[in-house]
Each structure stands twice: as C-alpha cells, then as structure tokens.
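Visitor: I'd like to walk through this one with someone who can back up the labels. Could you take my questions as they come?

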Amino acid sequence: MKLNPYLNFNGQCEEAFKFYERSLGGKIEYMATYAGTPSEQHVPPEQRNKIMHATLLLDGHTLQGADALGPQEAPKGFAVALHLKDPAEAERIFNEFSEGATVQMPLQQTFWAARFGMLVDRFGIPWLFNCEPAS
C-alpha cells in the first residue's frame with residue numbers, strides 16, 4: 001500500500017507544482033491539462049487549459065494534485081508535513097514557502113525539534129516543517 005497527498009487548487013496547480021519542484025528539489029513526472037484528453041468535452045472552455053492531473057516525485061515520495069472544477073473551498077483539517085534533517089535546509093525551504101504565505105508559527109527550535117514551523121502557502125495549502133533534533 002502507498003499513501004500520498006492529492007491537493008486541489010483554484011487554477012494555480014501548475015504554478016504550485018513548479019514552485020514545489022524548484023523549492024523541494026523534486027521532479028514533476030507528469031502534468032496534463034484537460035485539453036486534448038477525453039475529458040475536454042466535459043470541461044467548460046475556460047478551464048480546458050487547467051491542470052487535470054500532476055505528479056511530483058520527491059526522494060521516493062509522491063505529491064499529486066489538480067485544478068478543481070467549480071468552486072474550491074480552502075483546505076481544512078490537514079497539513080502536508082515535511083520532515084527534514086538539516087536545519088539550514090529547513091530554514092531555506094521555510095523561507096521560500098513563506099513568500100506570500102500565512103505563517104502560523106515561525107520556524108523555530110522546540111523541545112521536540114531542531115526546527116518546527118507551520119504555514120499556509122500562497123496557493124492555500126497548509127504545511128508543517130519539522131527538522132529532527134541533532135543526534
């Protein structure tokens with residue numbers, strides 16, 4: 001069995017996945033719009049160039065997403081958790097994700113982690129950043 005997050009966006013899936021690819025060092029394996037697929041005829045013309053499905057591979061893990069058709073509510077009740085080993089890398093990534101984000105807890109040392117922080121990125125996705133304490 002494999003478990004991975006599948007994120008829905010309000011039309012900015014392509015931008016979000018290119019940002020995640022660059023910031024996290026992953027690789028977009030697949031990204032397709034509705035245009036040119038059998039789904040195209042079932043999608044309003046103004047949404048045919050939106051992302052039907054995207055897959056990002058990152059160090060053996062998968063993140064997937066798409067642009068929602070119709071109204072999209074803000075994500076609630078979950079966060080994508082990143083577990084990092086290097087505090088400098090955690091700070092770099094957190095700082096990149098912070099641009100245009102709502103920071104709920106700045107990245108800082110806690111009793112359980114060398115660094116921990118929480119934010120909702122500029123695409124509306126909640127993230128947790130946890131950097132393991134030094135051994």
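Visitor: What does Val43 touch, leaving out residues up to four places away in sequence?

Guide: Val43 touches Tyr34, Arg48 and Leu69; a contact here means heavy atoms within 4.5 Å. Bear in mind that this is a predicted model, where local features need pLDDT of at least 70, side-chain atom pairs count only at pLDDT 80 or more, and totals for chains, interfaces and linings use all residues. Residues are numbered from 1 along each chain as its sequence is written, and side-chain values use heavy atoms, with hydrogens and water left out.

Visitor: Why is Val43 called buried?

Guide: Buried means under 20% relative accessible area, exposed over 50%, and partly exposed in between, with a 1.4 Å probe and protein chains only. Val43 has 4% relative accessibility, so it counts as buried. Val43 is found in the loop between E2 and E3; strands are DSSP runs of E with at least two residues, helices are runs of H or I with at least four, and both are numbered from the N terminus.

Visitor: And what makes Gln47 count as buried?

Guide: The value for Gln47 is 19% relative accessibility, therefore it counts as buried. Gln47 lies in the loop between strand E2 (27-33) and strand E3 (51-58). Not counting residues up to four places away in sequence, Gln47 touches Tyr34, Ala68, Leu69 and Gly70.

Visitor: Over to helix H2. How do you know that its span agrees with the expected one?

Guide: The expected span is 1.5 Å times one less than the number of residues. For the 12 residues of H2 (residues 87-98) that should give 16 Å, and the end C-alpha atoms are 16 Å apart, so the two agree.

Visitor: Which residues of H2 are buried, and why say that they line one face?

Guide: They are Ala90, Ile93, Phe94 and Phe97. Seen down the axis of H2, the buried residues fall within an arc of 100°, so they line one face of the helix. That arc is taken over the directions from the helix axis to the C-beta atoms.

Visitor: What covers them?

Guide: The cover includes helix H1 (13-24) and strands E5 (80-84), E6 (102-108), E7 (115-120) and E8 (126-131). Just after H2, Gly100 takes a positive phi of about 75°.

Visitor: How many helices and strands does the protein chain have?

Guide: There are 2 helices and 8 strands, running β-α-β-β-β-β-α-β-β-β from the N terminus on. Buried residues make up 39% of the 135 residues in the chain.
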